[in-house]
Amino acid sequence: MRRYLVRKLITYVLAFFVGVTIDWGIPHLMPGDPIQGLLSKFDLDSASYAALYKSFAQSFGLNVPLWQQYLDFWKGVLTGNMGISISDAPAKVTTLVFGAMPYTLALLVPAVVLSYVVGNRLGAAAARRKLLDNTVLPLGYIFQAIPYPWLALVVPYLLGVVWHVFPTAGAYSETLLPAWNWTFIASLLDHWFLPFLTVFLVSLGGWAIGMRNLVIYELENDASRYLRALGASERVVRRYAYRSASLPQLSGLALQLGVVIGGNIVTEIAFDYPGLGHLIFSAITSQDYFLLQGIFIFIVLAVLVANFVIDLVFITVDPRTRLSMQGAAA
């Protein structure tokens, strides 16, 4: 066990190093100059432009060689100081990220987890009930095939514009100030429901289809036939098949939860929802290097932590993993 965990930790540390290096390198290889883009918003003469450019370059650490910028970036990562946002100066990158993160987590984590649970149950039921397989599951194919941007526009149009059931933009009413009271919480939930519904519907079909195919495979493999030959009831065989089929789905859930921290750009833009996806879009359009780098650092960390946790879960729930570790130790 210790050797297995040490190998995994070394792998994740190397992956983090590569991820941080790529995170630093990609914005610096992008065309354009973010400081020029920032100063282009103002009507400045050449002398003022040169003075401000030099001041901003020094403030953002862009006046030193690339190798020095790379070392400074690592220092910021290790100390939790990701610098100042170029487009929202003097706001710190960490302040903007932590301000948008609760909206993204409150939106995507319930949508992903609930679609996982419901989709797996529907898929497992469809694998052994022909009527359900021929009626409910085709809806999963439809939702999976629907272009997501189209659904993110149609749902708010029908439920918001046409029927006036839910608001279509923002995280809460513009007439309210954030506060822990029932009025503000009710407004949060009211604005939360439509983006939650679109993410849930799109994710549901994929989980259901995947589980249905995995359960059918498990019910017809040699292990299930052996259980039946031993006299096990069909209920026991189905339970075994469901548990075995759940393992690949669990890996998919870990990956989805890992990238949840990056938000859902299409949903958050369509609903003007102030999460990390919306923040990423704003950082790209304004060429905000430091904000992009800060967000992607959190995404890399979330993916690695989610995968490490799922490795620990697999050791607990999958006896084959434990047996392979014992074989490697022997």
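Here are some questions and answers about the predicted model shown above.

Q: How many helices and how many strands are there in the protein?
A: Let's start with the overall build. The C-alpha trace spans about 90 × 65 × 40 Å along its principal axes. As for what the chain folds into, the count is zero strands and 15 helices.

Q: What percentage of the 330 residues in the protein are buried?
A: To count as buried, a residue needs a relative accessible area under 20%. Go through the 330 residues with that cut-off, and the buried share comes to 39%.

Q: What share of the accessible surface belongs to carbon and sulfur atoms?
A: The protein has an accessible surface of about 18500 Å². Split that up by atom type, and the part belonging to carbon and sulfur is 68%.

Q: Which residues form a nonpolar patch on the surface?
A: Look at helix α8, which covers residues 148–162 and includes Leu158. Leu158 has a relative accessible area of 33%, and patch members need over 30%, so Leu158 clears that bar. Together the patch residues offer about 560 Å² of accessible area. The members are Tyr157, Leu158, Val161, Val162, Trp163 and Val165.

Q: Is His164 buried or exposed?
A: First find His164 in the loop between α8 and α9. Its relative accessibility is 63%. Exposed means over 50%, so His164 counts as exposed.

Q: What is phi of His164 near?
A: Most residues other than glycine have a negative phi. His164 isn't glycine, yet its phi is positive. The value is near 55°.

Q: Where does Asp272 lie?
A: Here's another residue other than glycine with a positive phi, this time near 50°. Asp272 is partly exposed, at a relative accessible area of 43%. Its place is the loop between α12 (265–270) and α13 (276–285).

Q: How many residues apart in sequence are the parts that Asp311 and Lys8 tie together?
A: Asp311 and Lys8 form a salt bridge, with their closest N and O atoms 3.7 Å apart. Asp311 sits in helix α14 and Lys8 in helix α1, so this pair links parts of the chain whose separation in sequence is 303 residues.

Q: Which counts as buried, Asp311 or Lys8?
A: Buried means under 20% relative accessible area. Lys8 is at 25%, so Lys8 counts as partly exposed. The other partner is at 11%, so the buried one is Asp311.

Q: Which helix holds both Arg225 and Asp222?
A: The side chains of these two meet in a salt bridge at 3.2 Å, N to O. Arg225 is partly exposed at 47% relative accessibility, while Asp222 is exposed at 61%. They're three residues apart, about one turn of the helix, and that helix is α10.

Q: Which residue does Arg228 meet in a salt bridge?
A: Arg228 is partly exposed, with a relative accessible area of 32%. Its partner is partly exposed as well, at 36%. The N to O distance is 3.2 Å, and the partner is Glu234.

Q: How far apart are the mean positions of the positive and negative charges?
A: The protein carries 21 positive and 18 negative charges. Take the mean position of each set, and the gap between the two is 19 Å.

Conventions: Residues are numbered from 1 along each chain as its sequence is written. This is a predicted model: local features need pLDDT of at least 70, side-chain atom pairs count only at pLDDT 80 or more; totals for chains, interfaces and linings use all residues. Side-chain values use heavy atoms; hydrogens and water are left out. Patches are made of residues with over 30% relative accessible area and no salt bridge: like charges are joined within 9 Å, nonpolar side chains (Val, Leu, Ile, Met, Phe, Trp, Tyr) within 5 Å. Accessible areas come from the Shrake-Rupley method with a 1.4 Å probe; for residues, only the protein chains shown count as cover. A salt bridge is a side-chain nitrogen of Lys or Arg within 4 Å of a carboxyl oxygen of Asp or Glu. Helices (H or I, at least four residues) and strands (E, at least two) are DSSP runs, numbered from the N terminus. Buried means under 20% relative accessible area, exposed over 50%, partly exposed in between (1.4 Å probe, protein chains only). Lys and Arg count as positive and Asp and Glu as negative; His and the chain ends are not counted. The place of a charge is taken as NZ of Lys, CZ of Arg, CG of Asp or CD of Glu.
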